[in-house]
Amino acid sequence: PEQAFFLRENLKLQLLNARLGLLARQMASAQSDVRAVEALLTHYFDRTDPGVHGALAALVQLRSELVPAALPQPEESLAALATAAGGR
């Protein structure tokens, strides 16, 4: 019980790291942080509690949606701009 504060703070830090990884488009890092939060929740919290069960379900859904997206390449954008400028 005296370590509950540190456990919750660690969970918050892991979730903040996942958010930073997502903002930096580092999906592998964000996924590993989400997995770490899932592991902490399943190990230290009661999985039958509705709040914990909902949090785990949300984390599983989040992790499944953290897939690398294909970003547009600068060459494609430059070619489109050159084509548009050439029509003037």
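Q: Which residues in α3 are buried?
A: This is a predicted model. Buried means under 20% relative accessible area. Seen down the axis of α3, the buried residues fall within an arc of 60°, so they line one face of the helix. The residues in α3 that are buried are Val-52, Leu-56 and Leu-59.

Q: What covers the buried residues of α3?
A: The protein has 4 helices and 0 strands, and its elements run α-α-α-α from the N terminus on. What covers the buried residues of α3 includes α1 and α2.

Q: Which exposed residues does the face of α3 turned away from its buried side carry?
A: A residue counts as exposed when its relative accessible area is over 50%. On the face of α3 turned away from the buried side, the exposed residues are Pro-50, His-53, Ser-64 and Glu-65.

Q: How many Å apart are the end C-alpha atoms of α3?
A: Helix α3 has 16 residues, which at 1.5 Å a residue should span 22 Å. The distance in the model agrees with that expectation: the end C-alpha atoms are apart by 23 Å.

Q: Which residue caps the N-terminal end of α3?
A: The cap involves the backbone nitrogen of Gly-51, with a side-chain oxygen lying 3.1 Å from it. That oxygen belongs to the capping residue, Asp-49.

Q: With which residue does Glu-38 form a salt bridge?
A: Glu-38 lies in helix α2 (residues 27–44) and its partner in helix α3 (residues 50–65), so the pair ties together parts that are 25 residues apart in sequence. Glu-38 is buried at 12% relative accessible area, whereas the partner is partly exposed at 24%. The closest N and O atoms are 2.8 Å apart, and the partner is Arg-63.

Q: Which side chain meets that of Glu-9 in a salt bridge?
A: Side chains of opposite charge can pair when their charged atoms come close. Glu-9 and its partner both lie in helix α1 (residues 4–23), 3 residues apart, about one turn of the helix. Glu-9 is partly exposed at 29% relative accessible area, and the partner is also partly exposed, at 47%. The N to O distance is 3.2 Å, and the partner is Lys-12.

Q: What radius of gyration does the protein have?
A: The C-alpha atoms fill a box of roughly 70 × 20 × 20 Å along the principal axes. Buried residues make up 20% of the 88 residues. A compact globule of 88 residues would have a radius of gyration near 12 Å, but the value for this protein is 20 Å.

Conventions: Residues are numbered from 1 along each chain as its sequence is written. This is a predicted model: local features need pLDDT of at least 70, side-chain atom pairs count only at pLDDT 80 or more; totals for chains, interfaces and linings use all residues. Side-chain values use heavy atoms; hydrogens and water are left out. A salt bridge is a side-chain nitrogen of Lys or Arg within 4 Å of a carboxyl oxygen of Asp or Glu. Helices (H or I, at least four residues) and strands (E, at least two) are DSSP runs, numbered from the N terminus. Buried means under 20% relative accessible area, exposed over 50%, partly exposed in between (1.4 Å probe, protein chains only). The expected span of a helix is 1.5 Å times one less than its number of residues. The arc is that of the directions from the helix axis to the C-beta atoms. Contact means heavy atoms within 4.5 Å. A polar contact is a pair of N or O atoms within 3.5 Å; within protein, one must be able to donate a hydrogen and the other to accept it, and residues adjacent in sequence count only if both atoms are side-chain atoms. The radius of gyration is taken over C-alpha atoms; the globule rule is 2.2 Å times the number of residues to the power 0.38.
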